[in-house]
Each structure stands twice: as structure tokens, then as C-alpha cells.
Amino acid sequence: MKRSHRIFAALILAVLIFLTGCTGGGAREERTFFGFDTVCSVSFYKGGNQSVLTRCEELLQEHEWIFDRFDEDGLIFAINNFAEPVMIDYAVADCIRIAKEYNELSGGLFDITLAPIMDMYGFGSDEPSVPDEEMLKVLLSTMTGMDKLQVDESDMLIKPFGVQMDLGAIAKGYTADRMRELLEDSKVRSAIINLGGNVVVMGDKDGEPFSVGIQYPFEADGTSIAAVLVSDASVVTSGIYQRYFEKDGKIYHHIIDPTTGRPADTDLYSATIITDSAAKADAMSTVCMLLGAEKAMELIENTAGFEAVFVTNENEVIYTSGLEGKVTVTK
């Protein structure tokens, strides 16, 4: 994929999420900047100053260098192409540990080694394509699988040559968590962090919860289907409408089932997770998309500290019991 085209597509998506994501306004300090091929913003309502915003931007740039697997000067690009065991950055090690946790939780459905499969589809490129079935089988058996990633106690990563990681399902959430810690250390008491739709809300706004909007799948930019009231929480959405292409009347989206190498056959258009960690919300939203509505609802209802809003493939909005009275359907 041409990098310029990938950035432009992500920019449009991020603006869409930013406009529908948080309602309110009235921030005393705020900044919008570009990172992870998307538009990001940090807004302070209580505490904070321009110096803290600059540190937020620097943190984002550092993590972008770490996690962007398409950047030939980046860390993940180098790790993916190393043939020997390599000492990895603490952030990469943390993300692999989180990925393994959710791989186990999902029975193997959450998998960060699907980069070769994603590249075969060419999502977001000028010429996406549907991979050959035999080629998918070869890639799945030889170049993918979380069992092929081993991290020892000293953060030495051991993996077979050819296995490539894509940490896109965790990286922005992980960065948002680190940014929240930076703000907490800087005595910021009320803020919104929005990294291309990975939203972290700190505190509340003048004693009231923030309202975070959920995009109406496949509808015009800026159209929300629901809004959820939150305070001190992370809100992350995965959806099949975010990266996809159509061929012969069928939609091929980027949420891949690692058992088939094909886009997940799911009855969900999107899954929005609310919890205390953006990285874990990032991972859990992908797990829920792979599970489908019934199993995802059961999982979240039985997992402490998590709530969810799902949009089904019939544009029905359903949500967990803990969000009763906090969700407004706006469609």
C-alpha cells in the first residue's frame, strides 16, 4: 500500500470518529496533532498546560516509531524482519503479554501474528484482493500463530523468521493508557484523550459524565447511532466498516478469523468496550467482533470491570446491563 494513501484514508476515518466521539466543548487547554496515521487530540478541563500537551505529543511520536510496522525505520519493522532473537522495547513486551492474555481468553481468536494475511488482502491499498485459499492455508500453518512468539523474563523475543506482528489492535490503546498516566502524574483531573477514536475520559465535566458517540456503521461521516455517558473510563470501538473493500457484492473487512484467514463471519457491525484500560478495551473489542453478538454479550456480562455496546448487522443497538440508563440510541 502506498503510505500516502494509507495516511489519507486513516485521516478521514479519524476525523469522523473525532467529530462523533465526544460531545461537550469548553476545554481550557487542547491540542490536535497527527500520529499513528490518524488525527489525535488531547483536551484538558481541569489542570494541565501547554507543556503537558507537548509531552503528550512527544509520547505519541515515540510510540508511533515503536509500533508502525510499515515504517522501515521503525522498531516493529525491524523486529518483524530479524532472523535472530532480539531484545525488545518494554512497550512491545507489554503489548505481547496483553495479546497473549486475550489470545487465551478468546480460545485463540485474538492473534497479533496475522500481518502476512492482512497484507495479502491489501486493506486500504489501491488494489485490494481476495487471497487464494491454498495460499491462506500455507500462511496460516507456517507464518502465523501466537504460539510462535516467545518472550523470556529479560524481554528477549524469540520467533521464527517470517512471522510478523501487527500490534494495531493494541498499540493505540496502549499509548492512550500511557498518556493517561502522564496526565495523572501532571495533576490533570479532567481530560479527554482521543487517539483516532480510542477515547480515554479522565474525571468528569463540571460534575457530569462525558458523552461519547458511537458511529453509525456504513453511514455518512459524523452520523452517530448511539451515545454513552462515561466518567474515568476508556471507550474503544472495533467495526467492520473501518477498513474493508467490496468484491462481487461481498464485503471483505479487516477483522480476520485466524482459524480460516478470512474476514470474521460475524453478526456484529461494531463492538464498543468500556473499561479502565484502553489497551484491554482495544483487544476485547476485537475479541467480541470475532465471537458475535450472543457469545460476546455473555463474555462481557461475566467479565468484571467491562461493559459493552454492540451494533448488530441489522443496526440494532444492544448493551450490557451495567449501562442501563447510560446509553442513548440516536439513530
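## Thr 266 and its surroundings

Thr 266 lies in the loop between β15 and β16. The model is predicted. Thr 266 has a relative accessible area of 15%, under the 20% limit, so the residue counts as buried. Its side chain makes two contacts to backbone atoms. One reaches the backbone oxygen of Met 289 at 2.8 Å. The other reaches the backbone nitrogen of Leu 268 at 3.1 Å. Beyond four places in sequence, Thr 266 touches Ile 240, His 253, Met 289, Gly 292 and Asn 313.

Tyr 269 lies in strand β16. A polar atom of the Tyr 269 side chain sits 3.5 Å from the backbone oxygen of Asn 313. With neighbours within four places set aside, the contacts of Tyr 269 include Pro 217, Phe 218, Ser 238, Gly 239, Ile 240, Tyr 241 and Met 289. Val 311, Thr 312, Asn 313 and Asn 315 are also among them. Tyr 269 and Ser 238 are 31 residues apart along the chain, and their C-alpha atoms are separated by 8.5 Å.

Ile 255 sits in the loop between β13 (250–253) and β14 (256–257). Ile 255 is buried because its relative accessible area, 5%, is under 20%. Residues up to four places away aside, Ile 255 touches Ser 238, Gly 239, Ile 240, Arg 262, Pro 263, Ala 264, Thr 286, Met 289 and Leu 290. A further pair spans 145 residues of chain: the C-alpha atoms of Ile 255 and Phe 110 are 9.8 Å apart.

### Pocket and cavity

The second largest pocket has a volume of about 300 Å³. Its lining has 14 residues, and Ile 251, His 253, Pro 263, Ala 264 and Asp 265 lie nearest the centre. Strands β13, β15 (262–263) and β16 (268–275) each give two or more residues to this lining. The largest share, four residues, comes from β13. By class, the pocket lining holds eight nonpolar, three polar and three charged residues.

How many cavities of 30 Å³ or more does a search of the whole structure find? The search finds one. The largest cavity holds about 30 Å³ of space. Ile 79, Phe 82, Glu 84, Pro 85, Val 86, Leu 157 and Lys 159 line it. Five of these lining residues are nonpolar, none is polar and two are charged.

### Nonpolar cores

Nonpolar side chains tend to be buried together in soluble globular proteins. The largest nonpolar core here has 92 residues. Phe 67, Val 92 and Leu 183 have the most contacts inside it. Helix α8 (residues 278–291) gives the most to this core, with nine residues. A second, separate core has eleven residues, including Leu 114, Leu 139, Leu 140 and Phe 245.

Val 92 shows what such packing involves. Apart from neighbours within four places in sequence, Val 92 is in contact with Ile 66, Phe 67, Leu 75, Ile 76, Ile 79, Met 165 and Leu 167.

### Asp 166

Asp 166 is found in the loop between β6 (156–158) and α7 (171–185). Is Asp 166 buried or exposed? Its relative accessible area is 19%, under the 20% cut-off, so Asp 166 is buried. The side chains of Asp 166 and Arg 69 are joined by a polar contact of 3.1 Å. The Asp 166 side chain also reaches the backbone nitrogen of Gly 168 at 2.9 Å. Leaving out residues up to four places away, Asp 166 touches Arg 69, Ile 112 and Ala 115.

The side-chain polar pairs described here are collected below.

| Side chain | Partner | Distance |
|---|---|---|
| Thr 266 | Met 289, backbone oxygen | 2.8 Å |
| Asp 166 | Gly 168, backbone nitrogen | 2.9 Å |
| Thr 266 | Leu 268, backbone nitrogen | 3.1 Å |
| Asp 166 | Arg 69, side chain | 3.1 Å |
| Tyr 269 | Asn 313, backbone oxygen | 3.5 Å |

### Positive phi

Most residues other than glycine have a negative phi. Phe 36 has a positive phi, near 55°. Asp 248 also has a positive phi, near 55°. Phe 36 is in the loop between β2 (29–35) and β3 (38–46). Asp 248 is in the loop between β12 (244–247) and β13. Where they part is accessibility. Phe 36 is buried, because its 15% relative accessible area is under 20%. Asp 248 stands at 76%, over the 50% limit, and therefore counts as exposed.

Key. Residues numbered from 1 in each chain as written. Predicted model: local features only at pLDDT ≥ 70, side-chain atom pairs only at ≥ 80, totals over all residues. Heavy atoms only, no water. Buried < 20%, exposed > 50% of the residue type's maximum accessible area, 1.4 Å probe, protein only. Polar contact = N/O pair within 3.5 Å; in protein donor to acceptor, adjacent residues only side chain to side chain. Contact = heavy atoms within 4.5 Å. Core = buried A, V, L, I, M, F, W, Y, C linked by side-chain atoms within 4.5 Å. 1 Å grid on protein atoms, 1.4 Å probe; cavity = no way out; pocket = protein on both sides within 12 Å on 5 of 7 lines; lining within 4 Å. Points joined across faces, edges and corners; volume = space filled by probe spheres on them. Nonpolar A, V, L, I, M, F, W, Y, C, P; charged D, E, K, R; others polar.
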